[in-house]
Amino acid sequence: MPNTNAYAAPAAKAPLAPFAFDRRAPGDHDVSISIKFCGICHTDIHQVRDEWGAGKYPMVPGHEIAGVVTSVGPKVTRFIPGDHVGVGCFVDSCRTCPDCRNGLEQYCTVKTVFTYASTDNSGQPTQGGYSDKIVVDENYVLRVPDSLPLNGSAPLLCAGITLYSPLKHWKAGPGRKVGIIGLGGLGHMGVKIAHAMGAEVSVFSQSLKKKEDSKRLGAGELYATSDPSTFEKLKNHFDLIVNTVPAASNWDQFAGLLATDGALVMVGVPDNQVPVDGFKLIARRRTIAGSMIGGIAETQEMLDFCGRHNIASDIEVIPIQQVNEAYERVLKSDVRYRFVIDCATLGQS
Ligand code: NAP
Ligand code: ZN
Ligand code: ZN
């Protein structure tokens, strides 16, 4: 009998279905984790549908993992059974390149081992968190603050750090005006975190439907991108705009909303090129940039920040058996604001 129950996409674009496989035997430095909850990130949908051409099947998606330590290898020093822990988008890296040494393991120049759709350093395929257990080297395991609920913490491991990292890098804080494009899983974490950092936060959404929610989450204003006057009245206004939209965007119009030295940062993965009029950048020393998740130390810093500020994700918990319907709802922006799988339902019919 395989030791792990999961749901996997058997082939590109196929619906997820029950799947069982063996996790590796824990080594000296490994932590064995009973997965309690796993968030559904839009990346899981891109990967299952092979939209980036990097899919490996069968694929067990999931990189917003929250669980409880069940056992530790003899050389593990930082965790003991019973600890609340998280695993995010990667589970290993080379550990020696300049990026790894600078705590930027997500940009490892040799090889970041992603939590799924990747291969580990022994050549085995990695499988993610839509499963009931995982074995991870302690250096890539995060501590979840006891003050936070485990289910609402799961999305911090990807959505939370993906917004925390650029917000910190581009200095969101008091006196700074921050815009978040797209109020989904990533976007709603961006609003909560930027607000807690002390910035003045605005949301850009396709319509005004999420206006009340955006205020509750900490935004001062929500603007509809369908309304052309949005782009007239906010010219030169923002110090930082983070775009979470998983599709094409009117980049050139958003670039025009940046103040001098402002940055427009993509974290959502666009499905086409990013055209911007060069004069828009030159005339105000504006920047267009990208950002990917965050390193291990920064992810721990984000979790501790969220623990201090009592920030978790707004979630809808589902049994694994509803995962395919949940994907369809994510694609329609019909979730407020993150689906989280109750992994106790794995292995049930
Ligand atoms: P999500 O929950 O689906 O949220 C995306 C939001 O974007 C939606 O709620 C919607 O907000 C808006 N939106 C959706 N489709 C749109 C369209 N066609 N045009 C305009 N706006 C649209 O997705 P997510 O999990 O937050 O992920 C967002 C993107 O980030 C994905 O591409 C994912 O792969 C990527 N991602 C990147 C990183 C990284 O490290 N850079 C990490 C995680 C995820 P409104 O209803 O408010 O318009
Ligand atoms: Zn993700
Ligand atoms: Zn490296």
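A polar contact is taken here as a pair of N or O atoms within 3.5 Å, with the further condition, within protein, that one atom must be able to donate a hydrogen and the other to accept it, and that residues adjacent in sequence count only if both atoms are side-chain atoms. The model is predicted, so that local features need pLDDT of at least 70 and side-chain atom pairs count only at pLDDT 80 or more, whereas totals for chains, interfaces and linings use all residues. Residues are numbered from 1 along each chain as its sequence is written, chains are lettered from A and ligands numbered from 1 in the order in which they are written, and side-chain values use heavy atoms, with hydrogens and water left out.

In the site of ligand 1, an oxygen atom of the ligand is placed 2.7 Å from an N or O atom in the side chain of T43, while polar backbone atoms of L183 and V269 lie 2.8 Å and 3.1 Å, respectively, from an oxygen atom of ligand 1. The protein buries 87% of the 920 Å² that ligand 1 exposes when taken alone (Shrake-Rupley method, 1.4 Å probe). The surrounding shell holds 28 residues, of which H42, T43, S205, K210 and R338 come nearest (a heavy atom within 4 Å). Both α1 (42–48) and α5 (185–196) supply at least two residues of this shell, and the largest share, three residues, comes from α1 (DSSP runs, H or I of at least four residues for helices and E of at least two for strands, numbered from the N terminus). By class, the shell comprises 13 nonpolar, 13 polar and two charged residues (nonpolar: Ala, Val, Leu, Ile, Met, Phe, Trp, Tyr, Cys and Pro; charged: Asp, Glu, Lys and Arg; polar: the others, Gly among them).

Empty space was examined on a 1 Å grid over the protein atoms alone, a cavity being a set of points where a 1.4 Å probe fits but cannot get out, a pocket an open set with protein on both sides within 12 Å along at least five of seven lines, and lining residues those with an atom within 4 Å of a point. The second largest pocket has a volume of about 380 Å³ (space filled by probe spheres set on points joined across faces, edges and corners). Its lining numbers 22 residues, with R24, D120, P125, T126 and V135 the closest to the centre, and β8 gives the largest share, four residues.

Two cavities of 30 Å³ or more are found in the whole structure. The largest, of about 70 Å³, has a lining of seven nonpolar, three polar and no charged residues.
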